[in-house]
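Trainee: I have not looked at this one before. Can we go through it side chain by side chain?

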Amino acid sequence: TTTPRIGDILQKLAPFLKMYGEYVKNFDNAMELVKTWTERSPQFKFIIQDIQKEKVCGNLTLQHHMLEPVQRIPRYEMLLKDYLRKLPQDSLDWKDAERSLEIISTAASHSNSAIRKMENLKKLLEIYEMLGEEEDIVNPSNELIKEGQILKLAARNTSAQERYLFL
């Protein structure tokens, strides 16, 4: 109550938010695993349903609880933006809050980048499987730029042949 500040505290803790990127990267797989095992195993489904009935779960499903960490960084970012809008610029907390926002925005970018990389690798894996797994294209340094139908013009008879191109 004597020094109402949050910027300095968030500034110290914000670098740890980068670890959420790993969680976010694996979120889709985790959700898929929960879905798969809920469908496959009646015992697993029963245990999950039993746990979800507990008061501490607040009538929310496991999937809702799993989504919370994914939403945490954007919530902190919105909170700090709102805080800075309402905070007088001559406040003792202004610089720390502003620096915290920069760090949290970097963590949000890191998280979003991790999501994009995983989506890209997933798409490359799908293409690899479609191509009969002949040419291994699944590599973190490879990136799908564009895909779609094209017309290939034959040099001899100028006839057009439809092709599907992965760039």
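**Charged pairs, loops and a core**

Trainee: Let me start with R85. Is R85 buried or exposed?

Mentor: R85 is exposed, and its relative accessible area is 64%. Keep in mind that this is a predicted model.

Trainee: OK. Which residue does R85 form a salt bridge with?

Mentor: With D82, where the closest N and O atoms are 3.5 Å apart. Both residues belong to helix α4 and sit three residues apart, about one turn of the helix.

Trainee: And D82 itself, how accessible is that?

Mentor: D82 has 29% relative accessibility, so D82 counts as partly exposed. Buried would need under 20%, and exposed over 50%.

Trainee: Which other salt bridge does D82 make with a lysine?

Mentor: The side chain of D82 also meets that of K86, at 3.3 Å from N to O. D82 and K86 are about one helical turn from each other because they are four residues apart in helix α4. K86 is exposed, with a relative accessible area of 65%.

Trainee: How many salt bridges are there in the whole structure?

Mentor: A search of the whole structure gives seven. One of them joins the side chains of R75 and E68, with an N to O distance of 3.0 Å. R75 is partly exposed at 43% relative accessible area, and E68 is partly exposed as well, at 26%.

Trainee: Any that link up into a network? Which residues are in it?

Mentor: R5, D93 and D96 are linked in a network of salt bridges.

Trainee: Stay on D93 then. Where does D93 lie?

Mentor: In the loop between α4, residues 62-86, and α5, residues 94-130.

Trainee: A charged residue in a loop. Is D93 buried or exposed?

Mentor: D93 is buried, since its relative accessible area is 1%, and the cut-off for buried is under 20%.

Trainee: What does D93 touch?

Mentor: Leaving aside residues up to four places away in sequence, D93 touches R5, I6, G7, D8, Y83 and L87. There is also a polar contact with G7: the side chain of D93 reaches the backbone nitrogen of G7 at 3.0 Å.

Trainee: Which other side chain lies 3.0 Å from a backbone nitrogen?

Mentor: S41. A polar atom of the S41 side chain lies 3.0 Å from the backbone nitrogen of F44. S41 is in the loop between α2 and α3, and S41 counts as buried because its relative accessible area is 16%.

Trainee: Switching topic to the nonpolar side. Which residues touch the most other members of the largest nonpolar core?

Mentor: L17, I73, L80, L84 and I104, out of 16 residues in that core. Helices α4 and α5 each supply at least two residues of this core. The most comes from α5, which gives seven residues.

Trainee: Why would side chains like that gather inside?

Mentor: As a general matter, nonpolar side chains tend to be buried together in soluble globular proteins.

Trainee: Take I73 as an example. What does I73 touch?

Mentor: Not counting residues up to four places away in sequence, I73 touches L17, Y20, I104, A107, A108 and S111. Two of those, L17 and I104, were named a moment ago among the core residues that touch the most other members.

Trainee: And what about nonpolar residues on the surface? Which ones make a patch?

Mentor: I9, L13, F16 and M19 make a nonpolar surface patch of about 440 Å². F16 is located in the loop between α1, residues 7-13, and α2, residues 20-40. F16 is exposed, with 53% relative accessible area.

Trainee: Back to loops. Which residue other than glycine has a positive phi?

Mentor: N59, whose phi is near 60°. N59 lies in the loop between α3, residues 42-52, and α4. N59 counts as exposed, because its relative accessibility is 74%.

Trainee: Last one, the strands. Where is A154?

Mentor: A154 is in the loop between β1, residues 147-153, and β2, residues 160-166. A154 is buried, at 18% relative accessible area.

Trainee: How many Å apart are A154 and E98 in space?

Mentor: They are 60 Å apart, C-alpha to C-alpha, and 56 residues apart in sequence.

Notes. Residues numbered from 1 in each chain as written. Predicted model: local features only at pLDDT ≥ 70, side-chain atom pairs only at ≥ 80, totals over all residues. Heavy atoms only, no water. Patch = residues over 30% accessible without salt bridge, like charges linked within 9 Å, V, L, I, M, F, W, Y side chains within 5 Å. Areas by Shrake-Rupley, 256 points an atom, 1.4 Å probe, with all protein chains shown as cover. Salt bridge = Lys/Arg side-chain N within 4 Å of Asp/Glu carboxyl O. Buried < 20%, exposed > 50% of the residue type's maximum accessible area, 1.4 Å probe, protein only. Polar contact = N/O pair within 3.5 Å; in protein donor to acceptor, adjacent residues only side chain to side chain. Contact = heavy atoms within 4.5 Å. Core = buried A, V, L, I, M, F, W, Y, C linked by side-chain atoms within 4.5 Å.
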